[in-house]
Every structure is written in C-alpha cells, then in structure tokens.
Amino acid sequence: MLDWIKNINKDYPEFWKLYLAKFETKSNRYVILSTETTGLNPKKDVILSFGAIGVVNDIIKVGDNFEVVILQYKYLHDNGLSNEFLIESKLSKLAEPQAIQALVDYIGNAVLVGHRIHFDIEMINEVLEKMECGKLKNEALDIEIMHQKLYDITNKSFSLDDLIKLYKIPQSEKNSASDDAYSIALLFLKLKSRLGFK
Amino acid sequence: MSNSIAENIANFLKEYPPFNYLSHDELIQVATSIGVVNLDKHKTLFQIDDKLHDSFYVVASGVINLSVIADAEETLLNKCYAGDVFGLRPFFAKNNYMMTAKAREDSIVYAIPINVFKPFVAQNSQVLDFLLESFATNTRNPFDKENRGKLITDNVYTENQTTEIQYFQSLAYNKTPIKIAVTTVIKDAAQLMTENLIDSAIVTDQNQPIGIVTDTDFRSKIANGRFPITNTVEKIMSSPVITVPENVSVAEAQLLLLKHNVSHLCVTADGSDKSDVKGIISEHDLIVAQANNPGVLIKEIKRALSPKELKQVREKLTDLIQASIAKNIPLPHIYNISGEIITAIVKRSVELAILDLGSPPARFAWLSIGSQGRKEQLLLTDQDSILVFEDVSVEKYRDVKDYFLKLAKRATAILEKVGYEFCPNGHMASNMLWCKSLTDWIKQYNSWMKTPGEKSNDISSIFFDYEIAFGEGKIEDAITDVIFNNSKNNVLFFDYLGNDTLRKNPPLNFFKKFNLEEDGEHKGKFDIKNRAIMPLVDGARLFAISLNLRGINNTYLRFKQLAMIDPKYSEIYLNCADAFLILSKFRTLEGLKNDTSGDFINIDELSKADREKLKNALGPMKELEELIKDKFRLTQFS
C-alpha cells in the first residue's frame, strides 16, 4: 500500500527519468497506439509489434509515426508466426527492452488513444516492470468507450472491425499494427468531433 | 525508421497527377509531411475570405464541394473526388481564399504543406503545369479577375472543361466576312452571299462598318416587293451595326444579340464602329460554341450507340440545368428543355433495345409515367414506365408479350446504366403487370376508376400522368379516352383521388413550424417532396381530370390552364402554380448541391429569407385543400 513511498528514491533507468520529467507540462498531442500481442493474458503473452501515429489539433501527422517489431525469440518456434512477419518484413526490429524504451521516448506525455487501450497499457507495464521502471503515467482514451458513450450503449462491445464498418472508414488491404493505428486515428477524430470535446 | 502509413499514402498518391510525375522516394518524402484531416459531412474546411492555410489538399476519400457566393447565392464550382487536388491558392496568390470547401459527405483529405511541395514544383515543370491548370479550373470565380488573365495565357484548357468555362471562352467566328460598299446593287450582293454560302454581308466605308444586310433583309424588304433588286444595298441595310471587340465571350455575345434583337454582331478592332472590321458573329456561331446546347444534346442522343454515350449526355444535361438555374432562367423553360431531352434519352434507349432484338411483332407505345410523364424531372430519379402493345390474336399473344417483356428489360437496363435507378415499386414496363395489350390496359384503367378501393385503398395516381416516349401516338390517345370517359360523373373515383391528395401530412405544425422528419436517415430534415410538392401535383391532376383537361400533364401548366377554365378560383390556381415553381426550385437546388433526389431539405441550412419564402410557398396548398374538400364534398371522409 505504501509502495509509492518506496518508489520515491528508487533509482530508475535514465530514459524513465526523462519520461517522468515530461509530465511537468501538459500535452496537446495524442498518440494513437495499436499493439499486436501473442494473446490476451498480460502475464503469459508478449508484445509482437507496435504501430503508433500522432494527432495534433485534429490532424493526423503522418510523419509523427512509430512502428517496430519486437523479436521474441522464445516464441519464434511455437507461435505460428511466419518468418516473413518477423524476419523479412521491412519494419524495424528491436529486442523487447529497446523497443519499449523507444516507445516510451516516442509517446512522451501525449494522451494515448487506442481500441481497448487499457490492455495495451497493461502489456507495456508488464515489460516496464521487468525493466525496473514504474507504470505508464499517460492519460488514455478508448475509442470503444467513446463510441458507447456517443450512443449511450452499455451492454454491447464493439471490435475494431465493427467500428470501422459503422463509421465507414476506408480500409487498406493490409492489416499491420500501423494500419490499425491509422484506422483508430480516423475513428478517434470522428468520435472526438461528434462527442464535441476538445 | 520505416513508416508504412506514409508508404500507403505514397502508393495512393502515385495514381494521381501531379504526384505521378514524382519518384517513389520523393513521394515518401511528401507523404511523411502530410497531415490527415477528417471532415464530417457538411463540415467546412475553409471558406471565402479565410486566411490561406499553409497546405493544399488532396481528397483521400469522400467528396468535397467547392463553391463561391455570387449574388447572395451559393454557386457550386466543382466537386472534388478521391485523388483530386484543391485549395491551391496559397501557391499562386497571397490574399485570402476565394471559395468555400465543404465536405459533401464524410470525407478524409490529405493536407500537404506548401513549403514541402514547393521544391518539387520548382524542379518539375509538369507538376507546375498541372497545378496551374487545376488552379484555373478551381478558380472559376468571377471576382478573381486579378489571377484569371495571367493564368489563361499560361495554359491551354483540356477538352473536359465545364460549361462555365465554355460560356466565358471567346468565340470562334467568321474572320473573313463579305464586305460590300454602299453602292453595291442588291442583286449583286445577294449573288455574292449565295456564292459564299454566307447569310450576311457587312456594308463598309474604308473598312469601317456602316451597315449590314442579312437574309432577313432580303425577305422583309425585297421578296415582298418593297424595294426592287436593282436598288443599292443602302436602301435595305440595317444601320448602325452592333459591334463588339475581338475577344468577346459567348455569354456577352448572347446578351447583345438578345438585347438588340439582331442575328449578327460585327467584330471590329476596338469594339466601336469607328474601327476596322475583323469578322462577323452569327447566332449559329453561338450555338456551335455551346456544346451543351439542348439542340446539340438531342443530336448526340439520337446518334448514341451505347448506354455510356447516353450517360454522358445525361451528365451534360445536369450541367445545363445547373447553369440555367444559376442564370435564373424560368423553371417552366428548364422543365420543357429537360423534358424533351429526357424523352429523347428514353426513346433512344428503346431504339437501342430494338436494334438489339429485331423489329417488334406488333405496334406499341412506351409511356413514361410519373414525374417524367409530367415533364417535371430535373434530377436523376428512378425510372417509371409502362408498355402498351396493340391487340393481337390469341395464339400470337404469348410470343408478342414475350418479345415486349424482353424489350422492356433491355431498355430499362440501358436506362439504369444511364443513371436512372430501377423503380423500387416495380412501376416499369419490364414488370409483367405493366407490359400488356391495349385491351388489358383498358381493363386495368377501368378497374382503377370504376371500382377504386376494391383491391386496396391506394390509388395508383402515378399511372395518370404519362407521356409517350416511343411508338404509336394512337395508343396513348386510346388510354386518354378511357380515362376521361370513365371520369365523367364518377363520384367514387374522385372521392378516392381527392382523399389520396388530402392524405399527405401537413408541412407545418400547429405553431407554424416546419414538420421535420422525426426519425430515420433524414431525421431533422423537411420532406419537401411528400409534404409540399406532391400535394400540389396530386391536386393539379385531380382538377385536370375532373375538368376534362386533356393533353396537359405538367403541374405548372395544369394550374395555369385551370385558372383559365375555372375563373372563379383562378387566384388559388395561380398561387398554386407559383408555389409549385418555388418549391421545385428549392428541391432542385438541394438535389444539385448534394447529388441526391433533393427530397429532403435541411431547414437549418437555409437563410432566414429563404425559410420565409419556403413557408409562404406552403400557403396556397392549404387553400387548394379547402377547395378540394368543397368541390368533391370530401368533408365526410376526412
């Protein structure tokens, strides 16, 4: 219960201190994040790739982008993923700690947006714990909840595909984490304007 | 680091000019700098007088309307679809935007920063040319004089320019007119014109125009014996000549012809009659200059060999309607013109079907029904038609009906390709029910009129407005005879028809507010078709049939005619005629703006003055309803 007191003097890695320092100011930047994982259990499953893109002033900044594939060697043989995905794809590849560090550097103090974003955050926090860092401090917005709020629906869940169809978002044929992040970004802009919040 | 989103956008852009002139690496560089903007339907990206953005735009999906406000009216300049470039003003000018860009449907646009793209423009002349051209087509703004002059010299317009440009383009005309002296003998002048196959000659003095002789002069002054052909042309020439400068536009020339009621204009070096003659413009030149002239369209239809060609004509017709409305040409004229053109399209579609199937085994008539039957169709709506074939012997009946069903299927399919959707209620000649012999049709009309309500309470009023598009006029006459014979003293029929007219929901509620749609796709909008226009259409038809008004199918003309033959109520009829035009104009403008049937109007988007105008136009309907109740003694029903 008094964990936070213990943490005060804890010696974090350098990048984490920098990350924490960023929260002294408030950000107007949103980072739309999509995470691919091996499954839905934060304890057992691992992250395979990130795709992220920035939104500032209701404009998706194509240049403000982050994508990385994590080389999860211990899963290479039994997770059914093809070599093409892990080895031959042109995406940049990093080992887990480096990938998470790059991600943390990238997101900074932005508001995170995603589809069921809390699961993504939980997965990231799991790795951060291994790296002896704290938990992510970013505010987070979930487009599924935004949609439910817009229509006052509480008893039904919506997959990303459901939402994409509902809002008639043009879809690309590919389906990487980056493509998902882009779709989520468009959904986010639509929901944001319809919910009328700044 | 790689950026697959930029990669995707680059792949999209490379399909479209001017981006197709750039290399892949350059495109990635551009794409990486892009900002993606989401625009909900009706959302404005920038409007007139907004400060310039630091980006220009490419439509990624959806449609963006570019419009200007002229004479307090919003005029659509251009619709931008996926891949189209717009908002180029920051490249070429420093002052504020001259037009409004608004999403017509949910859209996504890419904002490309000017400073990123500028180097590519400087390095690549093809890119520059393309941008200049698109800027010019996006700049059809009469107020933007400053830039126009420059740009027109910079680039050559491609073929697919639109009406307005053609309208303002300069005219091609005869640059070597026949010039004669005042002392020329009439007979010699006529001979000269005949040899040159030209219908006019300019009378000059030291190459300055002092008069003109035309075919009309020969008819009105010579042929009727007023002057002998041995006189000099001085006696018969029209003087002074209306002169124009060399680079006159089609629009100006047309106005001058109308204003001075002449058939020719003389072109001079400085536009006055005190300078050298440079050429002559005839009415014919004007017609040729306007490829979208109705006559030309009909010619194109008659020559069309495929649905695709017909579709192109239909698209031109939309442009023509749009331009006509923008120029405030009275709606009845537009109805007439578009009615003729659409009838020609239907006729050609049937002809094409016949060319495919071989000659028909019996005589028949293809009737357009509903709005086209009334010649009140400006927007693309669904198609309604029936087919009536002459009676044939019993053993041939099956084959004949088979043929006509096949024919109708083909013709309606062609029309569908032209852009007329199939009627959702199946009111088409390709439906077994509505493709039958004359006897069967007579039976059908008899049952509708003598025993209305036997099968259902609805009366198919749509079948009482028809217009022959192809075939035997006599068959149409026969149907008309049946209707008017049946209508004599037919209280029951008028009871049903009258009640059908009254059944439409009132447009205004108790508090004189618009009754808007409460749910569904068009929630919050005003259903102008069913609440305002249809009651007038139905009312006009009701009175027209009951007062034996044959051969007039148009709602406006019906009211006008009713005012004449039923003078007691002429005021009501005339008010209804005007109201019908006003309401139809609202609907047409809405339809053209949004590419829809215009049935639903967004009241909030109207200006206060327009709202009042619309409300006032709903008044006459109330009077008409009272008149219907009174005339047909319907009070006990409603």
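Start at L357(B) in this predicted model. With 15 C-beta neighbours inside 10 Å, L357(B) counts as partly exposed, because that number lies between the 12 or fewer of an exposed residue and the 20 or more of a buried one. Colour helix α14 of chain B, residues 331-357, to see where L357(B) belongs. Then add Y403(B): 46 residues separate L357(B) and Y403(B) in sequence, while their C-alpha atoms are 8.3 Å apart in space. Show K406(B), L407(B) and R410(B) as well; these are the contacts of L357(B) once its neighbours within four places in sequence are left aside.

**Two helices of chain B**

Select residues 528-546 and 570-594 of chain B, which are helices α19 and α21. Their axes come within 10 Å and cross at roughly 145°. The crossing of α19(B) and α21(B) is left-handed. On the α19(B) side, display I528(B), K529(B), A532(B), I533(B), L536(B) and G539(B). On the α21(B) side, the residues they meet are C576(B), A579(B), F580(B), L583(B), S584(B), F586(B) and R587(B). Coloured by class, this contact of α19(B) with α21(B) shows nine nonpolar, two polar and two charged residues.

**A helix pair in chain A**

Move to chain A and select helix α6 (residues 143-151) with helix α8 (residues 177-195). How far apart are the axes of α6(A) and α8(A), and at what angle do the helices pack? The axes are 10 Å apart and the angle is about 30°. This crossing, too, is left-handed. From α6(A), the contact takes I143(A), M146(A), H147(A), K149(A) and L150(A). From α8(A), pick I184(A), L187(A), F188(A), L191(A), R194(A) and L195(A). The contact of α6(A) with α8(A) consists of eight nonpolar, one polar and two charged residues.

**Where the chains meet**

Show both chains together. Chain A and chain B each put 21 residues into the contact. On the side of chain A that touches chain B, β3 and α8 each supply at least two residues. The largest share of that side, seven residues, belongs to β3(A). By class, the residues on the side of chain A divide into nine nonpolar, seven polar and five charged.

Keep β3(A) in view and add strand β1 of chain B, residues 35-39. The two strands pair in the antiparallel sense over three bridges. To find one place along this pairing, select K61(A), which stands opposite G35(B) in β1(B).

Next, select helix α2 of chain B, residues 24-32. Which residues of α2(B) are buried? They are L27(B), V30(B) and A31(B). Look down the axis of α2(B): the buried residues fall within an arc of 95°, so they line one face of the helix. Their cover includes β3 of chain A, along with α1, β8 (107-113) and α4 (114-123) of chain B.

**A sheet in chain B**

Turn to strands β12, β13 and β14 of chain B, which form an open sheet in that order with mixed pairing. The edge strands are β12 and β14 (277-282), each paired on one side only. Strand β13 (residues 264-268) and β14(B) are antiparallel and joined by five bridges. Select H264(B) and its bridge partner in β14(B), S282(B).

**Backbone details**

Most residues other than glycine have a negative phi, and most peptide bonds are trans. The last four stops depart from this.

- Select P17(B) and P18(B): the peptide bond between them is cis, with omega near 0°. P18(B) sits in the loop between α1 (4-13) and α2 (24-32) of chain B.
- Select S239(B) and P240(B), joined by a cis peptide bond with omega about -5°. P240(B) is in the loop between α9 (215-223) and β12 (243-244) of chain B.
- Select D58(A), a residue other than glycine whose phi is positive, near 65°. The loop that holds D58(A) runs between β2 (47-56) and β3 (59-70) of chain A. D58(A) is partly exposed, with 15 other C-beta atoms within 10 Å.
- Select Q206(B), which is not a glycine but has a positive phi of about 55°. Q206(B) lies in the loop between β10 (200-205) and β11 (208-214) of chain B. With 7 other C-beta atoms within 10 Å, Q206(B) is exposed.

Key
Residues are numbered from 1 along each chain as its sequence is written. Chains are lettered from A and ligands numbered from 1 in the order in which they are written. This is a predicted model: local features need pLDDT of at least 70, side-chain atom pairs count only at pLDDT 80 or more; totals for chains, interfaces and linings use all residues. Axes are lines fitted to C-alpha atoms, for helices over the stretch in contact, and angles run from 0 to 180 degrees between N-to-C directions. Helices (H or I, at least four residues) and strands (E, at least two) are DSSP runs, numbered from the N terminus. A crossing is left-handed if the near helix is turned anticlockwise from the far one by less than a right angle, and right-handed if clockwise. Two residues are in contact if their C-beta atoms, placed from the backbone, lie within 7 Å. Ala, Val, Leu, Ile, Met, Phe, Trp, Tyr, Cys and Pro count as nonpolar, Asp, Glu, Lys and Arg as charged, and the others, Gly among them, as polar. Two strands pair if DSSP finds at least two bridges between them. The arc is that of the directions from the helix axis to the C-beta atoms.
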